[in-house]
Each structure stands twice: as C-alpha cells, then as structure tokens.
Amino acid sequence: MKIITDINLKNKRVIIREDLNVPLDEEGRITSDARIRAILPTIEKILNEGAAIILLSHLGRPTEGLIQKKFSLAPVAERLGLLLKKPVRFERNYLDGVEIQPGEIVLCENVRFNIGEKTDDRELARKLAALGDVFVMDAFATAHRAEASTHAISKYMREACVGPLVESELQALSAALEKPNRPLLAIVGGSKVSTKLRVLENLLLKVDQLILGGGIANTFLAAAGFPMGKSLYETDFIETAKALMDKASKEGRVLPLPVDVVVAKAFSNEAHATVKKVDEVAADDMILDIGPLTAKRYAKIIAKAGTIVWNGPVGVFEFEAFAGGTKVMAEAIAKSSAYSVAGGGDTVAAIEKFGVESQINYISTAGGAFLEYLEGKPLPALEVLK
Ligand code: AMP
C-alpha cells in the first residue's frame, strides 16, 4: 500500500476519508473532539504539500436518503476550523463537484446521507471519486466495512493511499502480532465467547500465553467442570472452549484459568462482593470478576511478557466492587516493559478509568476494525489499496 509521501500532492485535490464520528449531546454539542484533534497533523501535512483538501466522514447511523440534523457534520466543520485556525467550508451538496483551490479545506456532509453508501454502490463511489485527484484512506475504524466512501471509491481513483493514522495503526498492530518480542501475551476479556470466538482462535495461533477474563473465562471454567451458579456463560460454547483448551495444550500455549473469583448474589453496583475459590461457587452466586489471587498470577505473567495485546475487561469494571481485577490488569500492563497494544470500547474506557493511557504503547479506538484485525480478517478498505 502506498502512503502519502509516495504521491506528489502539489496542486492536487486530495479526498481524505476520516473518522469524524464524534459523540454529540442532545443539543448537538460535541462532547469529545478527540477524533477531530487526531486528524490535525494529517491535514497540516497535506496542506503543506500544496494540496486542496476535501474531507469525507460519516457520523452516527442515519437512514440513507434522510437528512437529519442530529447526524449533520456541521458542528464538526466549525470545531475543525477553530482547532486549525483556518476556514473550513462545509458543503451539504457536493455530489456534483465542489469548487476548491490549493490551500483550501472543505468538509462534506455525512456520507451516510447518500443512498448507496452502505451497499458500496458503484455510481455513488464514482461521484465521490470525481471530487478529487487523489484518495487518502485515513479512517481505520471503518476499514472493516466495504462502503462507497471507504472501499469502492478507491477503484475509481488514479491515485490512492493510506493516511498517517491508518499507517500508525497498522504499524502498531503488526509490531504486536506479526513480529512481536516474545513471549507474546494476549488478554481477552468481555462478556461472550460467541462474539470473540474468531479472535480467540486466531490469537491462539500466534500467542505464547492467552489470559481470559469476564464471561469468556466463565465459559472456559464451565468447560473445565467448575460450578457456575447464576454466572454469565454460554452453554452452547462449552465444547468449543474444551477444543480450544486442548489445542492450546497440544501446541504448548499457556492458557491459565482463574483460580478464585469475586461473586455476588445480584448484578448490581450495591451487591455484596465475596471472594471464593472457583470450586466453591454456590448455585445462587454470580461470578463478576477474577479474584485477587488470580489477578496476582496474571500480573506476574504480564510482568514477564515481551508484547501484550489487550481486549476486554476481566470483570464488570463499571461496578466499583468488581473493577479490581481489571484494575490490576491495567496497572500491570502499564508497569510492564512489554510493547503493549489495547483496543475496544470497554477496554479504552477501563484504561481511562484507571488513568494508565500514557503507559500503554498504542491504544486503538477502532472498535470493530481492531477486533477484525485480531481475527486475522482482511480489511476490505485496505485490501482494495493493495
Ligand atoms: P464485550 O463487549 O464482550 O467486550 O464485553 C464487555 C462487557 O463485559 C463489560 O460491560 C463488562 O461489564 C462485561 N463483563 C465482564 N465480566 C463479566 C462477568 N463476569 N459477567 C458479566 N459481564 C461481564
């Protein structure tokens, strides 16, 4: 794949697909402009090359063909202009072309208002491609979706490449999974085996150790014959869990299971938390976190890792009484000298909650695309650029 420095951008109209899907409150005010700030270096770099910039992005999940103010990118154009200290022209009607000169910046209205965006429609892609001379795919969070503005557009451009944000995301992920310092440790938590089965299967092929937590660990504990009480686990995936454990042991991968857990009688912030050994879970208990002994053992593995990939909390970290395990994980990763990559909505929330952002090497905010990368799936918006 080409990167922007491979292309002469002088006097070119450069279309950049970004992820400006910012959170808005009920009055339409931006509650976090992190995604806008993240693209400022990309814009400065491309402007400095003497190009004109046409920005494309989605916001939320509007119904195609229906223009709804709550999904408009207008507030983003205003904020972007303030942050850049440069005018950013907002274009609502752009499919028949935009007037633009080198040095100017245009942000087009939500691409998902256009009929055919989701279905990767060729005609729509052709119109988007006709807006400029070069296409830069810089929205990693949407790279797992083949849509008109992320995928088909590239087929109609003479020149296309990945942008700096995609480049750094790919560098971080490939450093962790393709050429890791060993031992390579993955920590996979969260609620269900079913939603992360492919992640677990793919990671087991690559890692030296795989630490499990959350509802996922519960299903594995059930597969190992421990009592589950009223805990969240998936009976349909017990056989799968057994097969994964067998495979791990045959191939010499370490897959430790919790030895103690934090249980409660109700799924609530106020519920009384009790630490129990895994074989002492009662019929009316719910496992809501890994226990302190398990957390200590996991922290020791983390301390010895060369590379760490983390997705998913190991307990119900949203409730104080059951946040302990995830906190120990986060702090152990922060302290370790391993190269660490973490991603996924809840994982990023946990990292922020425990204040360890600056001590993790790379934090991916690309939820779905990050997981699909961990699954080993090709990302269509990047494949098309190859
Ligand atoms: P996921 O979206 O699959 O990554 O799951 C994240 C969610 O799993 C978080 O909201 C956690 O509260 C939840 N979770 C973690 N551990 C458990 C558990 N033992 N029982 C129920 N939910 C859990």
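In this predicted model, the largest nonpolar core comprises 76 residues, of which Leu56, Phe140, Leu200, Leu210, Leu212, Phe220 and Leu382 touch the most other members. Leucine 210 illustrates how such a residue is surrounded: when its neighbours within four places in sequence are left aside, leucine 210 is in contact with Leu185, Ala186, Val188, Leu200, Leu204, Val254, Leu255 and Pro256. Another core lies apart from the largest one and consists of 31 residues, including Ile36, Ile43, Leu59 and Val76. In soluble globular proteins, nonpolar side chains tend to be buried together.

The surroundings of the ligand were examined next. The ligand is surrounded by 14 residues, the closest of which are Ser191, Lys196, Ile287, Glu318 and Asp346. Sorted by class, this shell has five nonpolar, six polar and three charged residues. Two of the polar contacts with the ligand are made by side chains: an N or O atom in the side chain of lysine 196 is found 2.9 Å from an oxygen atom of the ligand, and an N or O atom in the side chain of glutamate 318 is placed 2.5 Å from a ligand oxygen atom. In isoleucine 287, by contrast, it is a backbone N or O atom that lies 3.0 Å from a nitrogen atom of the ligand. On its own, the ligand has 510 Å² of accessible area, and the protein covers 81% of this area. The elements that give two or more residues to the shell are helix H7, which spans residues 214–223, and strand E11, which spans residues 286–290; of the elements, H7 gives the most, with three residues.

Aspartate 285 is found in the loop between strand E10, which covers residues 274–277, and strand E11. Is aspartate 285 buried or exposed? Aspartate 285 counts as buried because its relative accessible area is 1%, whereas the cut-off for a buried residue is under 20%. Its side chain has polar partners of two kinds, since one contact is to a side chain and another is to the backbone: the side chain of aspartate 285 makes a polar contact with the side chain of lysine 265 at 2.7 Å, and the aspartate 285 side chain also reaches the backbone nitrogen of alanine 282 at 2.8 Å. Beyond its neighbours within four places in sequence, aspartate 285 is in contact with Met228, Gly229, Lys230, Ser231, Val263, Ala264, Lys265, Lys276 and Glu280, so that lysine 265 appears both in this list and as the side-chain partner at 2.7 Å.

Notes: Residues numbered from 1 in each chain as written. Predicted model: local features only at pLDDT ≥ 70, side-chain atom pairs only at ≥ 80, totals over all residues. Heavy atoms only, no water. Near = heavy atom within 4 Å. Polar contact = N/O pair within 3.5 Å; in protein donor to acceptor, adjacent residues only side chain to side chain. Areas by Shrake-Rupley, 256 points an atom, 1.4 Å probe, with all protein chains shown as cover. Helix = DSSP H or I, 4+ residues; strand = E, 2+ residues; numbered from the N terminus. Nonpolar A, V, L, I, M, F, W, Y, C, P; charged D, E, K, R; others polar. Core = buried A, V, L, I, M, F, W, Y, C linked by side-chain atoms within 4.5 Å. Buried < 20%, exposed > 50% of the residue type's maximum accessible area, 1.4 Å probe, protein only. Contact = heavy atoms within 4.5 Å.
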